[in-house]
Structures are given as C-alpha cells and as structure tokens.
Amino acid sequence: DNCAMMERQNILHYDMDKGRKNRTFRKLQQLFGSSRRTWKSIGAEAKLDNCAMMEGCGKPSVVHATIVIFLEFFAWGLLTTPTIQALKVAFPHATFLMNGIIQAVKGLLSFLSAPLIGAMSDAWGRKSFLLLCVFFTCIPIPVLSFSAVGFFVAMAVSGIFSATFSIAFAYVADSTCANERSFSYGVVSATFAASLVVSPALGTWLIQFFDDGETYVVLLASIITAANLLFIVLVVPESLPEELRKTTWGSAISWKQVDPFGSFCKAGTDGSLLKLSVMVFLSYLPEAGQYSCFFLYLKQVVGFSLKEVASFIAVLCISSVVAQTAGLSLLMMALGHKYTIIVGLVLQASELFIYGIWTTKWLMWVAGILASFASITYPAISALVSKNAEPEQQGVVLGILTGIRGLCMGLGPAIFGLLFYMSNVHLNDTEESPQSQSSDNVGRTSSYQGDMFVGIPFLFGVVLVILALLVAFCIKNEETLMKKSEPSLLDSQHST
C-alpha cells in the first residue's frame, strides 16, 4: 500500500510538473509569439515611416504649392534682363517676330499637353508630375550660359511641360476643403506676382555690379531651381489619396480626358457659357500678346533702362496683388459680378489705347497701373461662374475657360509678334542710350528703326476688348450655367 501510495504521489507530482511545464511553455510561446508580432509590427511601421519620409514631410498643404510656384517664377524673374539681351543677340533682324513665335510655340504646346499631364496626375499622383513640370520648364535656364539660340529653342519646347500652375491648383484642391479653395487659389496666384517683385531688379543689379554679371544671374537661377527640385523630392508630400491612384502605369486614360479641343464643343452647347467663353477669348488674347513682348517693348521702343524695367515689373506686381485682393472685394460688394467685369475690361481697353498711341514714359507708368487693376477681370469671371454654376459643374466650366486661356497664350504672342513685324519695327542695338539712363528723361527715347507709328498691336487689342465689352453687357448676374436638365452636358461632366 505504501508503495502504491508513493507511486500515485510520484505520478501526481509528475502530472503537476508536466502541467506547470505546459503552462510555462504556453506562456513563453505567447510571450515570444507576441514579441514576434511586435517586431513584425515595428518592422512594418519602420517601413511605413521610411515610405513617409520618401513621400515628404507633414500633410499636403497650400504652403507646399506656394513655395514651389514662388521658387520657379523667382528663378525665371531673375532672367528678365538677360532674356531681353539674348533676344537681340539671337535674332537681331526680327526680334519682335521671333519673340512672338517662341512664345506662341510654347503656349500652343502647353495648350495641347496640359490635359494629358492633368489626366496623368489624376491617375498617378501630383508629386511626380509637379517634379517633372518644374524640371523640364526650368531646363532652358542653364542653357542660356552656352547659347542664346539654344536657350530660346529649349524655352519653346519646354511648353510641353508648362503645366506647373495646373498641377499646383490640383494639389491645392486635394489639400483643402471646398469652402477654402477660392482663397487658396488666390494665395497661389498672388505668389506668382510676389515672386516677380524683387527678382527682376535683383537680376539687373547683379548684371550691372559684376563684370560677368549674366553668368552669376544664370548660376543663381540654376541654384534656386535645384533647390526647388530638392524641395519637391524631399519635403513635398503626395496630395492625391492612395485609394484614388491607379495601381499600374498601364492604366487606361480616355481620349475625352486629354482632348484639348473638347472644351470648345462643350462651350457651344450652353448659351450662357458661350458668352463667357467668347468674352474670355477676346479679352485674354490681347493680354497674352501684350505680356509676351511688353518688357522688350519698354526697353527697346519706349527707351526704358534696365533698372526702370525692373522697377516697372515690381510696381506692376504689387498693384496686381492689391487689385486682386482688396480692390476686387470692394468692387464686387459695390457693383456686383457683371459690372466688376465691365470695369476690368474698360481699364484694359484704356491701358492698351495708351500704349498704342503714346510712348511717353510717364504715360507708360500710368498705363501699367491701369493694366495691373485690369487683372481683376478673370477673377471676377471665375467668381461669377462659382455663383451661377451648379456645384458639380463648376470644375467643368472653369476647365473650359482655362482651356480657352491656354489657346490664347499661343495665339496672342504670335499675332502681336506678326503685327510688330508688319509695323516695320527693327532694333539697332541693345545698349542703353544716355537718355534712357537719365532719370530726368520723361520723353520718348528709343533704340528702334522703322515706322513712327508702332502701336498697331495694342490698338488691335483695343478692338478685341471693346468686342468683349459688348458681350459683357449681354451677360446676367443671375444666369445658370450648364443646367442639369441637359443630358449631353451631364455626359460631358461624367466624362470629365
């Protein structure tokens, strides 16, 4: 019995030990299993953190877009004076014509390629295409150090990727709520003007301060461009949510998404939208032509010095910022959308008329102020669209008007360049005359040879703006755009 009792106790102890060992083993298994899972999760988090670092810093915001826009156009602003000088070196016998052709090619290429780049950014994200556009748009900058002709060829071809603003606006739309977008778009647009307040004057100062100043200007612009590219790669996060991006680069993009002429077909299906489209075309065509040759005209025909051109740009940009913020708000509250647009068109016709008739310096400054305040026209049109279009149709309508402006960016410079060429405007040198260097000179001092009457392109613009005014009187403050009841327009919205 004692032996049997001892055997049962041994068996009991063995079972207890075995149970304790099993429980200990299970605890250890749970511990190491959870640790293994913990290490896996830590590894996954490390991978995510690494991906986040590759994607950029922080959340997407308007600040990222404004910095990219500021750096790109600050770099180009530095080249204002070198570009004027390089035009005469590269094309001494047809400066205005070649300038118009270069800007026209760039504008038309941008018009044709912008829908494709926009559609691809909708499919695969904004960041990569923001980087691509900035890189190829700024490639001409270092080329200026080696060849003036090569610089202008590269500038014209870079129009294929001149969609930085479009991608930046899409980035802002991804990063903001619907009620914040109008203000955010205004901030990005004002950044463009702000970037040109100082940069042309800085570039002119470097050229005059150093013996080989143009080389230093190109070097500084190239460094700023490189910094912008690094900022996009390392800091700018992707704004398009991952679930909205295509999984492969082979994903299909429909022709309707990339057809640059599709907007014109849509505009013709709605009477109210057609009037707005015609008004945008007639007003923006002379504006695009004017600004493509404006500073060259002031330097070579009116007789502005390089310092005066830089100062003129700064004043113009500051006035534009004031006009598009405080001035636009006050006019909208006092007059409403329709008459704010009319005021903008009257100011535009007035400044074009002054440039077309006179070349006196003080009148150029007066006309420049009028031109800066005339910049309220398109923001007022955009506000009218936001007021009258259905919420789900606003993007379509604004896209149509943007496409028309893109076409004008190609046609306007070509028409103005051709009209200057037909006016027999030929430049004999790019050196500043003693009169143009004198701050007391307020009369007409120029370095062109040709007919006395050289303002034909600006007067042509006056005619177009007057026609736009007639159309503006026909629009209404309350007029629904692209009504839902029209199925063809709904189809257009879905395809867009």
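Start by colouring the cysteines: by the distance rule used here (a disulfide is a pair of cysteine sulfur atoms within 2.5 Å), the count comes to zero disulfides. As a reminder, a disulfide is a covalent bond between the sulfur atoms of two cysteines. Before going on, note that this is a predicted model, in which local features need pLDDT of at least 70 and side-chain atom pairs count only at pLDDT 80 or more, while totals for chains, interfaces and linings use all residues. Residues are numbered from 1 along each chain as its sequence is written, and side-chain values use heavy atoms, with hydrogens and water left out.

**Two cysteines**

Select Cys 177 and then Cys 317. Cys 177 is partly exposed, at a relative accessible area of 46%, whereas Cys 317 is buried, at 9%. Here buried means under 20% relative accessible area, exposed means over 50%, and partly exposed is in between, with a 1.4 Å probe and protein chains only.

**The whole chain**

Now zoom out and switch to cartoon. The protein chain shows 21 helices and two strands; helices (H or I, at least four residues) and strands (E, at least two) are DSSP runs, numbered from the N terminus. Of its 496 residues, 46% count as buried. If you draw contacts (heavy atoms within 4.5 Å) between residues at least 6 apart in sequence, 84% of them join residues at least 24 apart.

**Trp 76, in helix 2**

Go to helix 2, residues 62-78, and pick out Trp 76. Trp 76 is buried, with a relative accessible area of 16%. Show its surroundings, leaving aside neighbours within four places in sequence, and you will find Thr 137, Cys 138, Pro 140, Ile 141, Phe 151 and Met 155 in contact with Trp 76. For a link further along the chain, put a distance label between the C-alpha atoms of Trp 76 and Leu 196: they are 120 residues apart in sequence and separated by 8.6 Å.

**Phe 91, in a loop**

Next, select Phe 91 in the loop between helix 3 (80-90) and helix 4 (95-124). Is Phe 91 buried or exposed? At 15% relative accessibility, Phe 91 counts as buried. Not counting residues up to four places away in sequence, Phe 91 touches Met 98, Ile 102 and Phe 152. The C-alpha atoms of Phe 91 and Ala 148 are 9.2 Å apart, with their positions 57 residues apart along the chain.

**Ser 320, in helix 14**

Move to helix 14, residues 306-335, which holds Ser 320. Ser 320 is buried, at 13% relative accessible area. Beyond its neighbours within four places in sequence, Ser 320 is in contact with Ser 372 and Ser 375. Another distance to label is the one from Ser 320 to Ala 193, whose C-alpha atoms are separated by 7.3 Å although the two are 127 residues apart along the chain.

**Helix 15 against helix 16**

Select residues 337-357 (helix 15) together with 361-373 (helix 16). They pack at an angle of about 155 degrees, with their axes 8 Å apart; axes are lines fitted to C-alpha atoms, for helices over the stretch in contact, and angles run from 0 to 180 degrees between N-to-C directions. That makes helix 15 roughly antiparallel to helix 16, the term for angles over 145 degrees.

Show side chains at the contact. On helix 15 you have Leu 347, Ser 350, Glu 351, Ile 354 and Tyr 355, which meet Leu 363, Met 364, Ala 367, Gly 368, Leu 370, Ala 371 and Phe 373 on helix 16. By class, this contact has nine nonpolar, two polar and one charged residues; Ala, Val, Leu, Ile, Met, Phe, Trp, Tyr, Cys and Pro count as nonpolar, Asp, Glu, Lys and Arg as charged, and the others, Gly among them, as polar.

Stay with Leu 370 in helix 16. Leu 370 is partly exposed, at 23%, and touches Leu 347, Ser 350, Glu 351 and Ile 354, not counting residues up to four places away in sequence.

**His 337 and helix 17**

At helix 15, select His 337. His 337 is buried, with a relative accessible area of 16%. Its contacts, leaving aside neighbours within four places in sequence, are Met 332, Ala 380, Ala 383, Leu 384, Lys 387 and Asn 477.

Finish with helix 13 (residues 271-302) and helix 17 (residues 377-388), which pack at about 170 degrees with their axes 11 Å apart. The two are therefore roughly antiparallel to each other. Leu 276, Met 279 and Val 280 of helix 13 make the contact with Tyr 378, Ile 381, Leu 384 and Val 385 of helix 17. By class, that is seven nonpolar, no polar and no charged residues.

Technical notes: Parallel < 35°, antiparallel > 145°, perpendicular 65-115°, else oblique.
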